[in-house]
2 protein chains.
Amino acid sequence: MAQATGPSRPQPSTLGDVARLAGVSIATASKALNGRSQVRAETRERVIEAAERLSFRPNQLARSLLAGRTGTVGLLTSDLEGRFSIPILMGAEDAFGAGEVAVFLCDARGDAIREQHHVRALLSRRVDGLIVVGSRTDPRPSLGRDLPVPVVYAYAPSEDPADLSIVPDSVGAGRIAVDHLLACGRTRIAHITGDPGYCAARERAEGALAALADAGLAPVGEPRFGSWSEGWGRAATAMLLDRHPEVDAVLCGSDQIARGVMDVLRERGHRVPEDVAVMGFDNWKILTSAARPPLTSVDMNLEQVGRAAAQAVFAALAGSPRSGIEPQGCRVVIRGSTAPLS
Amino acid sequence: MAQATGPSRPQPSTLGDVARLAGVSIATASKALNGRSQVRAETRERVIEAAERLSFRPNQLARSLLAGRTGTVGLLTSDLEGRFSIPILMGAEDAFGAGEVAVFLCDARGDAIREQHHVRALLSRRVDGLIVVGSRTDPRPSLGRDLPVPVVYAYAPSEDPADLSIVPDSVGAGRIAVDHLLACGRTRIAHITGDPGYCAARERAEGALAALADAGLAPVGEPRFGSWSEGWGRAATAMLLDRHPEVDAVLCGSDQIARGVMDVLRERGHRVPEDVAVMGFDNWKILTSAARPPLTSVDMNLEQVGRAAAQAVFAALAGSPRSGIEPQGCRVVIRGSTAPLS
DNA sequence: AAAAAGACCGAAAAGGCTTTCTGGAACGCT
DNA sequence: AGCGTTCCAGAAAGCCTTTTCGGTCTTTTT
């Protein structure tokens with residue numbers, strides 16, 4: 001019953017149709033359209049015109065079946081709504097999109113079973129490669145070593161060092177954040193950050209402390225771990241100001257935390273950035289640009305991560321697989337919340 | 001040169017391999033694995049075991065080529081980073097994912113040329129259908145009527161009424177927002193909203209005014225159009241309070257605006273929700289849950305839009321195409337920023 | 001003028017699978 | 001014993017394209 005008589009869609013024409021209309025064989029039509037040389041110019045002309053008349057588009061399925069390569073890649077993400085998957089996805093789309101590669105998007109919803117299911121489905125569709133995007137920077141289980149296609153892990157590295165993982169350089173991010181604050185002349189720097197269960201929180205703190213140590217400084221108080229929320233930013237700032245009113249900069253583990261921090265600073269009469277400079281991480285524009293003043297933040301260059309992952313898939317396909325963890329540099333985006341001490 | 005000698009990937013086994021191992025013909029193997037009836041139970045057993053030993057996965061390309069249907073759908077979005085595409089994308093992935101459908105994701109970056117390019121690429125991959133996701137609710141040009149597959153427009157409707165568009169009911173959203181404020185006993189309601197160039201702003205305002213009129217009320221001042229930013233929310237609120245200090249509720253055109261509104265209300269000593277109730281639109285959790293107090297907001301049910309779009313593609317595929325604009329209901333998510341007047 | 005060399009086109013195979021059709025064997029019946 | 005059934009398995013066609021190889025036909029060379 002399914003086959004109701006809809007507006008009978010014009011079904012795509014085949015190479016055979018083109019050949020018939022041009023009065024040549026299928027083989028010749030193929031050669032003409034693909035720029036092969038064994039075709040007379042006049043014949044080629046005729047075939048091309050016929051193809052246009054029929055608006056012929058070669059069936060990629062048939063092509064792929066023959067070639068053994070499909071020009072498709074599977075993108076396996078774990079949280080679409082997360083703000084990390086999306087830029088990576090964009091970067092990958094970007095790197096692929098220019099060429100002739102299409103991306104299959106699958107969301108495993110953080111479920112290993114569903115992930116396996118998707119991997120199988122993608123493999124049976126004969127994707128040429130796989131990119132696995134995590135939702136946090138903590139290591140995740142490998143898909144295994146014996147897959148028939150190259151796999152690249154993005155954002156969340158694989159636990160297996162034999163796999164290739166492209167991740168943001170969180171330690172470096174912490175360093176350059178502190179370096180920027182130091183360059184602004186700040187020396188009494190506190191660090192308020194998120195959930196210590198997150199690798200990102202620990203590594204950023206590690207980088208920040210290292211940069212401080214390199215400058216012969218110690219942080220104002222210990223780094224304060226909590227949660228990734230504005231509420232925590234407010235609470236931690238209240239405590240911080242009570243105990244260390246001399247602070248002249250707060251490095252926040254995320255932009256959300258930074259907004260909470262700035263709210264309390266303002267309420268308590270501290271000027272940003274004149275009295276206290278504030279920085280965040282992630283450079284989430286909806287938060288940074290709406291803050292008062294706009295928030296300086298460390299951008300994780302996630303699109304770059306996505307692009308690099310896509311390029312790594314290409315490289316592996318071309319016979320140069322890599323392995324290990326490849327951190328990508330981050331960058332400070334300077335806005336109004338940090339400025340030199342005057 | 002590309003073919004460097006990598007770790008020679010195990011190449012997938014074919015039905016022929018399975019048949020040989022099981023000692024039957026390819027045809028029999030196919031029938032055995034697909035549950036066709038003309039196979040002796042014992043033979044089927046043997047084939048299945050062989051398939052498992054070889055971890056055989058049927059090549060979907062070959063299958064699709066034969067069947068004329070690929071079980072793939074193209075998802076054409078215009079702004080991946082926008083917060084509207086993503087939930088829709090999730091809804092669609094959701095509706096499809098359960099079954100045997102895979103989604104090709106393409107981002108046209110708002111460029112018509114690139115969009116055409118993607119459409120062609122998707123068609124040559126023989127997708128079974130297309131979902132076009134816009135980045136705002138304003139009508140967009142149609143892809144045309146003579147495509148070989150069904151097309152469904154999501155969020156942004158097509159300009160051509162012969163197409164099928166699934167959109168959030170913005171007018172209805174305005175109505176239910178005001179209804180909720182009325183239910184809270186508010187009667188002096190102002191509306192501060194975004195860019196009047198956006199359909200969403202105009203329609204939400206229209207719905208809000210209609211609901212007020214139904215209750216025999218008029219808004220406090222005219223709706224104030226501006227931009228979708230916290231800054232505008234702050235500025236508009238300052239003007240509003242100067243001119244109409246009696247206001248007891250502010251309906252904001254977006255959650256961002258609402259946050260700006262709430263900031264100024266608090267700074268001026270108005271309590272939310274006791275003195276003034278505040279509502280937003282979009283239910284963007286990062287903003288609503290971090291607000292003080294958490295912000296009541298109208299959720300556009302975008303995942304529902306995505307699901308409905310996916311189902312519409314199925315329906316069209318099954319021979320029941322629809323057309324016109326199908327608005328999907330929205331819903332109020334009540335949080336701390338609205339409460340009954342006491 | 002005959003032979004060699006191109007130039008151009010088409011037949012056919014391949015890629016992996018599904019499906020229809022044919023045919024052989026085993027069975028029950030008159 | 002002969003006939004018609006039923007049950008299973010295999011051969012082959014088909015999906016659409018690319019590519020190899022062989023074959024015509026025209027042109028050049030000796």
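Guide: A polar contact is a pair of N or O atoms within 3.5 Å, and within protein one of them must be able to donate a hydrogen and the other to accept it. The structure discussed here is a predicted model.

Visitor: What makes the pairing of B:His180 and B:Thr338 a polar contact?

Guide: The side chains of B:His180 and B:Thr338 are joined at 2.8 Å. The cut-off is 3.5 Å, so the pair qualifies as a polar contact.

Visitor: Why is B:His180 called buried?

Guide: Its relative accessible area is 12%. Buried means under 20%, and therefore B:His180 belongs in that class. The residue sits in helix H7 (residues 170-183) of chain B. Apart from neighbours within four places in sequence, B:His180 is in contact with B:Met279, B:Thr296, B:Val332, B:Ile334 and B:Thr338.

Visitor: Why do B:Arg126 and B:Asp282 count as buried?

Guide: The relative accessibility of B:Arg126 is 16%, and that of B:Asp282 is 13%. Both values fall under 20%, so both residues are buried. Each also has a positive phi without being a glycine: about 60° for B:Arg126 and near 100° for B:Asp282. B:Arg126 is placed in the loop between helix H6 (112-124) and strand S3 (129-133) of chain B, whereas B:Asp282 lies in the loop between S8 and helix H11 (285-288) of chain B.

Visitor: Which residues does the cis peptide bond in chain A join, and what is its omega?

Guide: The bond joins A:Val272 and A:Pro273, with omega about 10°. A:Pro273 is found in the loop between helix H10 (255-267) and strand S8 (277-281) of chain A. In chain B, a cis peptide bond joins B:Val272 and B:Pro273, again with omega about 10°.

Visitor: How do you know that the two chains are related by a two-fold axis?

Guide: Two copies of a chain are related by a rotation about an axis and a shift along it. Here a turn of 180° with a shift of 0.0 Å along the axis lays chain B on chain A, with an RMSD of 0.2 Å. That is the relation of a two-fold axis, which is why the term applies. In chain B, the C-alpha nearest the axis belongs to B:Phe104, at 2.2 Å from it. The same surface serves both copies, since 98% of the contact residues of chain B recur in chain A.

Visitor: What makes B:Lys31 a residue near DNA strand D?

Guide: An N or O atom in the side chain of B:Lys31 is 2.7 Å from a base oxygen of DNA strand D. A residue is near the strand if one of its heavy atoms lies within 4 Å, so B:Lys31 meets the condition. In total, 25 residues surround the strand, and B:Lys31 is listed among the closest, as are A:Leu15, A:Arg63, B:Ser25 and B:Thr43. Sugar and phosphate account for 64% of the atoms of DNA strand D that come within 4 Å of the protein.

Visitor: Which atoms of A:Arg36 and B:Ser25 approach a phosphate oxygen of DNA strand D?

Guide: For A:Arg36, a polar side-chain atom lies 3.4 Å from a phosphate oxygen. For B:Ser25, a backbone N or O atom lies 2.8 Å from a phosphate oxygen.

Visitor: Which helix gives the most to the surface near DNA strand D?

Guide: H2(A) does, with 4 residues. The surface as a whole divides into 12 nonpolar, 8 polar and 5 charged residues.

Conventions:
Residues are numbered from 1 along each chain as its sequence is written. Chains are lettered from A and ligands numbered from 1 in the order in which they are written. This is a predicted model: local features need pLDDT of at least 70, side-chain atom pairs count only at pLDDT 80 or more; totals for chains, interfaces and linings use all residues. Side-chain values use heavy atoms; hydrogens and water are left out. Helices (H or I, at least four residues) and strands (E, at least two) are DSSP runs, numbered from the N terminus. Ala, Val, Leu, Ile, Met, Phe, Trp, Tyr, Cys and Pro count as nonpolar, Asp, Glu, Lys and Arg as charged, and the others, Gly among them, as polar. Copies are superposed by least squares on the C-alpha atoms of residues with pLDDT of at least 70 in both. Contact means heavy atoms within 4.5 Å. Buried means under 20% relative accessible area, exposed over 50%, partly exposed in between (1.4 Å probe, protein chains only).
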